[in-house]
Amino acid sequence: DKIQLSVTIVRCDGLRASRYGALPWPYCQYELPVTWPDQESTHVTETRTKEANPVFNDRKMWDIPTAELALSLRSQEIQIFVFDDEDQENMAAYLGFAKVRLAPMFLAPAQPLKATLHLEDPRGVKM
């Protein structure tokens, strides 16, 4: 039986650029908390141009090679960061982030996790 993990980033709402009076050029980046050979762990969505409410509809699927690795992912989480591509001089800054626990996706039978995630800004304040 093949084990897969699929992550879909649908959209963000109400993003603010790090520069006053400008609209952000947002993209999302996240990575799996564990890695294995021949597998890219980091995923980056396409950048949306001057968009405070970007729609990404971006899907990434990973084939999990072993049941042991799937079991180890159950206790992990993915941190999804939203960056502004126009803020190249300060890549440590981000527009917001959200955490997603992976445990619900590895229940038997598998349960898709569909949720609205509220971003936090770099200070930890919910947006």
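1. The point of entry to this predicted model is its largest nonpolar core, which has 25 residues. Within this core, W62 and I64 are the residues with the most contacts. At least two core residues come from each of the following elements: strand 1 (3-11), strand 2 (26-31), strand 4 (55-64), helix 1 (67-73), strand 5 and strand 6.

2. The surroundings of I64 deserve separate mention. Setting aside residues up to four places away in sequence, I64 touches I3, Q4 and L5, and also W36, L69, A70 and L73. Three of these names can be placed directly from the element limits: I3, Q4 and L5 fall within strand 1 (3-11).

3. The overall arrangement may be stated briefly. The chain contains 1 helix and 6 strands, and their order along the sequence is β-β-β-β-α-β-β. Of the 127 residues, 35% count as buried. The exposed surface of the chain is about 8200 Å², of which carbon and sulfur atoms supply 49%.

4. Contacts between distant parts of the sequence are a further feature of the chain. Among contacts with a separation of 6 or more, 63% are accounted for by residues 24 or more positions apart.

5. I9 offers a local example. This residue is located in strand 1 and is buried, its relative accessible area being 9%. Apart from neighbours within four places in sequence, I9 is in contact with C28, Y30, T45, F56, N57, D58 and I80. In addition, the C-alpha atoms of I9 and V55 are 8.5 Å apart in space, although the two residues are 46 apart in sequence.

6. The aromatic residues form the next topic. The structure holds 6 aromatic pairs. One of them joins F81 and F83, whose rings are stacked at 6.1 Å centre to centre with 20° between the planes. F81 is partly exposed at a relative accessible area of 22%, whereas F83, at 12% relative accessibility, counts as buried. The classification follows because buried means under 20% relative accessible area.

7. F81 also takes part in a stacked pair with F97, for which the centres are 5.6 Å apart and the planes differ by 25°. F81 belongs to strand 5 (residues 77-84) and F97 to strand 6 (residues 96-101), so this pair ties together parts that are 16 residues apart in sequence. F97 counts as buried, with 13% relative accessibility. Y27, F81, F83, Y94 and F97 together form one aromatic cluster.

8. Charged pairs complete the account. A search of the whole structure finds 3 salt bridges. In the bridge between D13 and R11, the closest N and O atoms are 2.8 Å apart; D13 counts as partly exposed, at 48% relative accessibility.

9. A further salt bridge links E46 and R48, with 3.2 Å between the closest N and O atoms. E46 counts as exposed at 55% relative accessibility, while R48 is partly exposed, with a relative accessible area of 22%. K126 forms a salt bridge with E120, where the closest N and O atoms are 3.4 Å apart. K126 is exposed, having a relative accessible area of 56%.

Note on methods
Residues are numbered from 1 along each chain as its sequence is written. This is a predicted model: local features need pLDDT of at least 70, side-chain atom pairs count only at pLDDT 80 or more; totals for chains, interfaces and linings use all residues. Side-chain values use heavy atoms; hydrogens and water are left out. Rings of Phe, Tyr and Trp (its six-membered ring) pair if their centres lie within 6.5 Å; planes under 30 degrees apart count as stacked, over 60 as edge-to-face and the rest as tilted. Buried means under 20% relative accessible area, exposed over 50%, partly exposed in between (1.4 Å probe, protein chains only). Helices (H or I, at least four residues) and strands (E, at least two) are DSSP runs, numbered from the N terminus. A nonpolar core is a set of buried Ala, Val, Leu, Ile, Met, Phe, Trp, Tyr and Cys residues joined through side-chain atoms within 4.5 Å. Contact means heavy atoms within 4.5 Å. Accessible areas come from the Shrake-Rupley method with a 1.4 Å probe; for residues, only the protein chains shown count as cover. A salt bridge is a side-chain nitrogen of Lys or Arg within 4 Å of a carboxyl oxygen of Asp or Glu.
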